[in-house]
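Reader: I should like to learn how to read the packing and the sheet architecture of a model such as this one. Please take me through the features in turn.

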Amino acid sequence: MHEKEIVSSALLYRDQTDLKNFLKEQRRTAPPDCSWLVLIHTCCHSPASAVAIAQHVKAILPDAAVLGTSAAAVIHHGSTYTDQCLLHITRFRRTRPEIFRLSLNGKTPEELAEEAAEKFPADSRALFAFFTDQYMHMQPFLQHLEQLRQHIPAAGGMVSTNTFGAFAFDESSVYPHTAMFAVLCGDTLRTWSGVVRGQEAFGETYTITQTEQDNILEVDHQPASQWFQQKLEEICHTKPCPICSELLMRFPLALQQTGTPSQFLSYSEPQNRIQTYSNWLPSGTRFRMAYLSPLTAVAELRECCAELNTMPCQTILAYPGMLHYSAMTNCTAWELRALRSSRICGAFLHGEIAAAEEHNQVYVGADTLFGLTESEHDYLPIDQTLLDDLQGLDADWHNIDQYLEHAQQQTTISSASRQIMQQEILLRSNTFLDKETELENLVKFKFDDKKHRYNKICMISIEKGILISGRRGSKVWNQLMRENIQQVIRTLHDTELSFYCNDKWSFFFTAEPEYPDDKFLEQAEMAFHECGYYFCKELNITAVNAFYVVIGETDLLEKVQLCMSATADHNARFYLYNKDNAETMKQMDEKLRMTNIISDAILYDRIVPYFQPIRDNRTQEITKYEALMRLSDKDHNIYAPGQFLEIAKDYHLYLQLSQLMIRKVLELFRDRTESVFLNLSAYDISSAASRSMLYELLSNLPQEACGRITFEILESEKIRDFNEMVNFLNEIRKFGVKIAIDDFGAGFSNFTAILRVNPDFIKIDGDLIINCDKDPMKQLCLQAISDIAKGIDAELIAEHVENSGEQQTVESTNIQYTQGYYFSKPLPYQNLEQKKKD
């Protein structure tokens, strides 16, 4: 069975039985030639118990590469746990994971790098690196390794502490004073790295002039503790400003040289010393002060997600720093929650490694992300609605808001405070304002909605907006949209209404519960009557506005979007949501539920081929099967095409389903002796990507396997370009495959079309078969079709045969094959052999 090149699964360990069942299921569904990497991060196990878990893994997956560490917290599908053990299992088709263990005892970073460079295979393409014992030399190690070897993108960092300490392990033992590496080898592996720091630098550049290991002794030739106290007094407008680790945490150092981009500090009161986390900074290090900004973290994560939307990636792991979590707890939770749709997993570390700008760097207090892929076609799902929902960040904003409020109360504002204010104003504008419409955006609406509890909305959408934008260009469209919005605002002239941009094509106004419902409806109706049409003289374009109103409800955006979808085929341009159309809303809810099932099936490989036997009426044997698509959900419920296929087409998910189905079926029947029929729709044939995929798949199959494949052209699908279809069929016939026409009796009843397709098989429409033993007219039609098929040298298949009378009629009219419930319903692949025996 065809599988994705890289498949990841994760488990929060409960007990040995649960782990055993999980691993057996992973092994059962895996191809025989795959390799495994198992990363274990535990918050709750002792070293001995952790080794025992690794041994259980090796007992069921003996070829797996296993590496484990302690962890202060783990991440499972975007949620953080401080009392769990995470097992993250990645299955590779072409990548080879290898584990290396190097002692840290008595070695300089350069010596450790030389040993690693000698041991790592020549085709190393990615690296997970974990260091014990508060190892402070990760950066020089990584820099020297890159001097000795080509760049190997890395993830990992310094192991964090659980209840039993900080340790690394595998199935054999626990290893103190050790660096453990999982090296991924193979020419097809590609990586992606992202970093979220949430820090904004400000002010001048300063120089550390004296250090001693992790202690900063002098800055610009002044005692470091004195220098930092003066700087914090200037920033915080407070004298005296007692120096403490909590305050220093809010103002990290933004380092100015490549290597370690930032550094958090702590204060040792007994020694009156400033100390660094995770790295030693040499004398001469130049830096600027920085402050923690949740909005910067939001912007950085959005940039990461924008990259992931355009870059193939099959699995992603997160290794945030404990300092990032401590300094911005809510922001860290939001970052992981926003990536939940990608099923992100990982662990919290001290000092985090990420590959940035072609170099591995150690970040302190960052959220580092690491993606892997062997495919050019698989992308991780990023849920934009989660990125737009900033709820939960209030507490992290409170620190900076409190600081800004205090600064504004001062008679004289320091230059540092002024710069922080200016940067925050710009960040908030970039985060909350739609630049094209100059309205506040959905992010701001969701943030405001939490405070105001809006319960009414009027969405306004310009009809045929995509057509206008496509014909006249984005610049013209944006101007039209802005003028249209301003017309509505001027017409209503109501400061109690709040306006927001929804997307490129629509905007809305809303109001709080105290705003009278009847007045809101009057305002919406006035906007419709006064602004239903807007003619822009300068552009010579008329905007036709449609209005969708929801009053007295929660989940306003969801309700109004349902209204827009439910009325897409209606002519009315003013639509009021009410209880009378609740049934329509339920239908839309069901459609959305099925859309989620389809998306999950694509993402988690839940397309399940079923096969219906085709009986040879001459030999009375099963010699062929038709492959029929089914979907499975997370609870193993099976869905037939009638439940999902049209929805998949509506939401442009059909081609992904079809391509995965075709790949699976061709792999399953590669070495079987029976033939298989695969459905191709007009969507498949008109898709250049699908045609290219088929050519590639067929070229990699043995000639005898191609000869057992029949592509069934679905008659029910309207072929827009018949010449394109004929050319495509001629091309795939060169591989030795056969062609069938489905449901003869409708669109393909055009005999000229039949002659041009020149099919090897004709499948007779089920309407002609049902009760054919009792209907003389149907018998005449079947005999005529039989004569035509004989004349063009095509064989016939009768579909939907359900009883012996229909089968006798089919055989009496010389129809060569039968398909239907009389012989067998569609079966999952694993049941085919038993059915043949029966």
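Reader: Which residues does L657 touch, not counting residues up to four places away in sequence?

Author: In this predicted model, L657 touches I598, I602, I607, M629, L631, F644 and A648. L657 also belongs to the largest nonpolar core, which has 67 residues; there L657, I598, F611, L631 and F711 touch the most other members. Helix α20 (residues 654-668) supplies the largest share of this core, eight residues. A second, separate core has 35 residues, among them F264, A297, V298 and C304.

Reader: How should a sheet be read, and what is the order of strands in the open sheet of six?

Author: Strands of a sheet pair through backbone hydrogen bonds, in either a parallel or an antiparallel sense. Here the order is β5-β4-β23-β22-β26-β13, and the pairing is mixed. At the edges lie β5 (79-81) and β13 (190-196), each of which pairs on one side only. On average, neighbouring strands of this sheet are turned by 20 degrees against each other, direction ignored.

Reader: In which sense do β13 and β26 pair?

Author: β13 and β26 (residues 367-373) pair in the antiparallel sense, over seven bridges. Within this pairing, V196 has D367 of β26 as its bridge partner.

Reader: Which strands does helix α7 lie across?

Author: Helix α7 (residues 294-310) lies across β13, β22 (315-320) and β26, and runs at about 165 degrees to β13. Helix α9 (residues 329-338) also packs on the sheet, where α9 touches β4 (74-76), β5, β13, β22 and β26. The direction of α9 makes about 15 degrees with that of β26.

Reader: Where is T188 found, and is T188 buried, exposed or partly exposed?

Author: T188 is in the loop between β12 (178-185) and β13. Because its relative accessible area is 26%, T188 counts as partly exposed; the buried class ends at 20% and the exposed class begins over 50%. Leaving aside neighbours within four places in sequence, T188 is in contact with R94, T95, T373 and E374. R94 and T188 are 94 residues apart in sequence, yet 7.0 Å apart in space, C-alpha to C-alpha.

Reader: How is a helix to be read, and which residues of α12 are buried?

Author: An α-helix has 3.6 residues a turn, so residues three or four places apart point the same way. In α12, the buried residues are A416, S417, I420, M421, Q423, E424, L427, T431 and F432. Helix α12 (residues 415-432) has 18 residues and spans 26 Å from its first C-alpha to its last, close to the 26 Å expected at 1.5 Å a residue.

Notes: Residues numbered from 1 in each chain as written. Predicted model: local features only at pLDDT ≥ 70, side-chain atom pairs only at ≥ 80, totals over all residues. Heavy atoms only, no water. Pairing = 2+ DSSP bridges. Helix = DSSP H or I, 4+ residues; strand = E, 2+ residues; numbered from the N terminus. Axes fitted to C-alpha atoms, helices over the stretch in contact; angles between N-to-C directions. Contact = heavy atoms within 4.5 Å. Buried < 20%, exposed > 50% of the residue type's maximum accessible area, 1.4 Å probe, protein only. Expected span 1.5 Å × (residues − 1). Core = buried A, V, L, I, M, F, W, Y, C linked by side-chain atoms within 4.5 Å.
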